[in-house]
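Dear colleague,

I am passing on to you the structure we spoke about, and my notes on it follow below. Please keep the structure open beside them as you read.

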Amino acid sequence: MDDRLCLQGILYVLYNDVSWQLLPLELGFGSGQTCWRRLGRWHEAGVFDKLHRILLAELHAADELDWTRACADASHIRAKKGARPPARRRSTAGRRSVSTI
């Protein structure tokens, strides 16, 4: 299946919020399973991260980005606290005694 057609199938599924199994074969994008597998391979290869970086660079070069309205949150960027968590320490609490009955 042609990459462009698979990409169109992926975009169709994501835009219309349908399951992969409901991608109509009549549209010529291939089966939902084919598009889903191709999406997984492209994701593992870093295609979408690279595409995102290229798009941002081109928009920035054309002065089409308004960085004053940019927002970053923990769902996209990992929040590092800097310090390692403290080591586990043995509890000094009393233990329950074994029943002798």
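**Aromatic pairs and helix H1**

Tyr12 is partly exposed, its relative accessible area being 27%. Please bear in mind that this is a predicted model, in which a search of the whole structure turns up two aromatic pairs. In one of them, the ring centres of Tyr12 and Phe29 are 6.4 Å apart and the ring planes stand at 50°, so the pair is classed as tilted. Because Tyr12 belongs to helix H1 while Phe29 sits in the loop between H1 and H2, this pair ties together parts that are 17 residues apart in sequence. Phe29, for its part, counts as buried, with a relative accessibility of 13%.

The rings of Trp42 and Phe48 also pair, with their centres 6.3 Å apart and their planes at 65°, which makes the pair edge-to-face, since planes over 60 degrees apart are classed that way. Here Trp42 is buried at a relative accessible area of 15%, whereas Phe48, at 30%, counts as partly exposed.

Turning to helix H1, its 14 residues (residues 3–16) should span 20 Å at 1.5 Å a residue, and the C-alpha atoms at its ends are indeed 20 Å apart. Its buried residues are Cys6, Gly9, Ile10 and Val13, and, seen down the axis of H1, these fall within an arc of 100°, so they line one face of the helix. Helix H2 (32–44) is included in what covers them, while the face of H1 turned away from the buried side carries the exposed residues Arg4 and Tyr15. After H1 comes Asp17, which has a positive phi, near 55°.

With best wishes

Notes. Residues numbered from 1 in each chain as written. Predicted model: local features only at pLDDT ≥ 70, side-chain atom pairs only at ≥ 80, totals over all residues. Heavy atoms only, no water. Helix = DSSP H or I, 4+ residues; strand = E, 2+ residues; numbered from the N terminus. Expected span 1.5 Å × (residues − 1). Buried < 20%, exposed > 50% of the residue type's maximum accessible area, 1.4 Å probe, protein only. Arc of directions from axis to C-beta. Contact = heavy atoms within 4.5 Å. Phe/Tyr/Trp six-rings, centres within 6.5 Å; stacked < 30°, edge-to-face > 60°.
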